[in-house]
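I opened this notebook to keep a record of what I looked up in one protein model. The entries run from the whole chain down to single residues.

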Amino acid sequence: MSNCTVESSKVETSDGVKLHTRLFKPKEEIKDSLVVVLVHPYSILGGCQGLLKGIAAGLADKGYRAITFDMRGAGKSSGRASLTGFAEIKDVIAICNWVCQNLSSDRILLVGSSAGAPIAGSAVDQIEQVVGYVSLGYPFGMIASILFGRHHKSILQFPKPKLFVMGTRDGFTSVKQLNNKLSSATGRVDTHLIEGAGHFQMEGPDYDAQMGYRLFFWILCAITVKNSPTVQRTWPVKVP
């Protein structure tokens with residue numbers, strides 16, 4: 001993390017929960033007003049913002065500000081985690097409101113990892129500043145849908161650009177299930193499959209660099225320069 005600085009804050013939700021938050025900032029010039037808000041995996045299974053620090057640091061190294069935070073009941077945040085993730089939607093909204101008020105940004109990219117993906121996906125239509133959405137291992141499968149199935153509709157109907165990243169050996173969602181779900185999605189929908197990767201492997205540090213590059217190039221292709229005729233916008237692009 002030598003190429004970025006990290007600042008900690010407390011953000012209060014509408015129902016009084018205090019969220020421990022980290023802001024990853026470039027040491028050099030901030031290249032874009034876009035702020036990336038990352039939502040961590042399932043708190044009940046040990047998910048916390050620390051799992052996303054590598055991706056956040058990588059984005060800051062490329063000139064973007066990135067926010068990680070512990071949802072209610074995780075890490076140093078107060079409150080209690082919910083089973084289905086609906087209470088945590090308030091956490092995402094509170095962080096995004098804080099970003100708008102304190103970082104002078106009106107452009108937010110929401111990124112959700114594992115169970116953080118459906119939680120972030122349910123918040124997108126409640127935050128007008130969200131310009132795009134990225135899922136890292138969205139649990140669309142049948143068993144996971146018992147807990148998170150009611151979240152699906154919001155993100156599938158979200159009209160702004162969406163990227164779904166998944167390992168081909170994801171134990172919660174098969175490639176066929178992913179494609180079937182996304183066939184009904186509106187707006188721009190991109191996918192990237194990581195050959196041979198399992199669900200929990202993608203949450204580990206071995207994939208942080210790849211995730212950071214993938215997010216960086218997708219931001220360029222789908223959001224930052226989507227209207228520029230001088231930039232190649234073909235997806236996917238080859239990354240290191």
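What follows is my set of entries on the overall fold, the annotated region, the empty spaces, two helices and a few backbone angles.

**Overall fold.** I note at the start that this is a predicted model. I counted seven helices and eight strands in the protein. I then looked up the radius of gyration, which is 16 Å, and because a compact globule of 240 residues would have a value near 18 Å, the two agree. Along the principal axes, the C-alpha atoms fill a box of roughly 45 × 40 × 35 Å. I also looked up burial and found that buried residues make up 55% of the 240 residues. Of the contacts with a separation of 6 or more, 68% are between residues 24 or more positions apart.

**Annotated region.** I found in UniProt, in an unreviewed entry, the annotation "domain: Xaa-Pro dipeptidyl-peptidase-like", which covers residues 15–117. Over residues 15–117 I read 24% helix and 24% strand, with the end C-alpha atoms 22 Å apart.

**Pocket and cavity.** I turned next to empty space, starting with the largest pocket, which holds about 220 Å³. Its lining consists of 17 residues, and those that lie nearest the centre are Tyr-42, Leu-45, Ser-114, Phe-172 and Phe-200. Sorted by class, the lining of this pocket has 12 nonpolar, four polar and one charged residues.

I then asked how many cavities of 30 Å³ or more the structure holds. There is one cavity of that kind, and the volume of the largest cavity is about 90 Å³. Among the residues lining the largest cavity are Leu-51, Leu-52, Ile-55, Ser-113, Ser-114, His-199, Glu-203 and Asp-208. By class, I recorded five nonpolar, four polar and two charged residues in the lining of this cavity. Ser-114 therefore appears in my notes twice, in the lining of the largest pocket and in that of the largest cavity.**Positive phi angles.** Most residues other than glycine have a negative phi, and I checked the exceptions with that in mind. Ser-114 is not a glycine, yet has a positive phi of about 55°, and this residue lies in the loop between β5 and α3 (116–123). I asked whether Ser-114 counts as buried or exposed. Its relative accessibility is 8%, so Ser-114 counts as buried.

Ser-104 also has a positive phi, near 50°, in a residue other than glycine. Ser-104 sits in the loop between α2 (89–102) and β5 (108–113), and because its relative accessibility is 68%, Ser-104 counts as exposed.

**Helix α3.** I looked up how enclosed α3 is, and found that eight of its eight residues are buried, so this helix is largely enclosed by the rest of the structure. Its buried residues include Gly-116, Pro-118, Ile-119 and Gly-121. I then asked which elements the buried residues of α3 pack against. They pack against the strands β3 (35–39), β5 and β6 (130–136), and against the helices α2, α4 (142–148) and α5 (152–156).

**Helix α1.** In α1 (residues 53–61) I listed Ile-55, Ala-56, Ala-57, Gly-58, Leu-59 and Ala-60 as buried. Of these, Ile-55 is also one of the residues lining the largest cavity. The buried residues of α1 pack against β1 (4–12), β2 (18–26), β3, β4 (65–69) and β6, and against α7 (208–224). My last entry here is Gly-63, which follows α1 and has a positive phi near 100°.

Terms used. Residues numbered from 1 in each chain as written. Predicted model: local features only at pLDDT ≥ 70, side-chain atom pairs only at ≥ 80, totals over all residues. Heavy atoms only, no water. 1 Å grid on protein atoms, 1.4 Å probe; cavity = no way out; pocket = protein on both sides within 12 Å on 5 of 7 lines; lining within 4 Å. Points joined across faces, edges and corners; volume = space filled by probe spheres on them. Nonpolar A, V, L, I, M, F, W, Y, C, P; charged D, E, K, R; others polar. UniProt positions renumbered as here; feature names shortened; annotations may be inferred. Helix = DSSP H or I, 4+ residues; strand = E, 2+ residues; numbered from the N terminus. Rg over C-alpha atoms; globule rule 2.2 N^0.38 Å. Buried < 20%, exposed > 50% of the residue type's maximum accessible area, 1.4 Å probe, protein only. Contact = heavy atoms within 4.5 Å.
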